[in-house]
Amino acid sequence: MAAAEPSKRRSGGGGSAQRRTARDRGSGAGGAAQVMRSAAEQLSSLIGTPPESVSAIKPTEDGWEADVEVLELERIPETTSVMATYRVTLNAEGDLVAYERTHRYTRGQIDRR
């Protein structure tokens, strides 16, 4: 019976092993890679634009956050095309629960820090 108690503690009382936090699922490359694909695919289906890349991903208490780069306006030359960064929030099950555009820039722009 001792093995069932930790499962209950992690699941928040629901008894489902799928309700674990990102830390409980581990931070292996397989988990992060799957989350990156899921974030990009779900955002693409909502905004109707395919993602260029995922530039950041991190586990949170409730799931994951990812920054997805999207081509918003294609121009010639390519370096003047308008890009956008979207912050995507996924819950512990990997479902998109929120997104927002956090940054717009031209493709040829370099970060100056």
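Three exercises with worked solutions follow.

This is a predicted model, in which local features need pLDDT of at least 70, side-chain atom pairs count only at pLDDT 80 or more, and totals for chains, interfaces and linings use all residues. Residues are numbered from 1 along each chain as its sequence is written, and side-chain values use heavy atoms, with hydrogens and water left out.

**Exercise 1.** Locate Lys58 and classify its exposure.

Solution. Lys58 belongs to strand β1 (residues 51–59); helices (H or I, at least four residues) and strands (E, at least two) are DSSP runs, numbered from the N terminus. Buried means under 20% relative accessible area, exposed over 50%, and partly exposed in between (1.4 Å probe, protein chains only). Lys58 has a relative accessible area of 46%, so Lys58 is partly exposed. Beyond four places in sequence, Lys58 contacts Trp64 and Glu65 (heavy atoms within 4.5 Å).

**Exercise 2.** Identify which elements each supply at least two residues of the largest nonpolar core.

Solution. A nonpolar core is a set of buried Ala, Val, Leu, Ile, Met, Phe, Trp, Tyr and Cys residues joined through side-chain atoms within 4.5 Å. The largest one has 12 residues, among them Val35, Trp64 and Val88. The elements are α3 (29–47), β2 (63–73) and β3 (82–91).

**Exercise 3.** Describe the surroundings of Ser81.

Solution. Ser81 sits in the loop between β2 and β3. Its relative accessibility is 1%, so Ser81 counts as buried. Its contacts beyond four places in sequence include Leu71, Tyr105 and Arg107. A polar atom of the Ser81 side chain lies 2.9 Å from the backbone nitrogen of Arg75.

Terms used
Polar contact = N/O pair within 3.5 Å; in protein donor to acceptor, adjacent residues only side chain to side chain.
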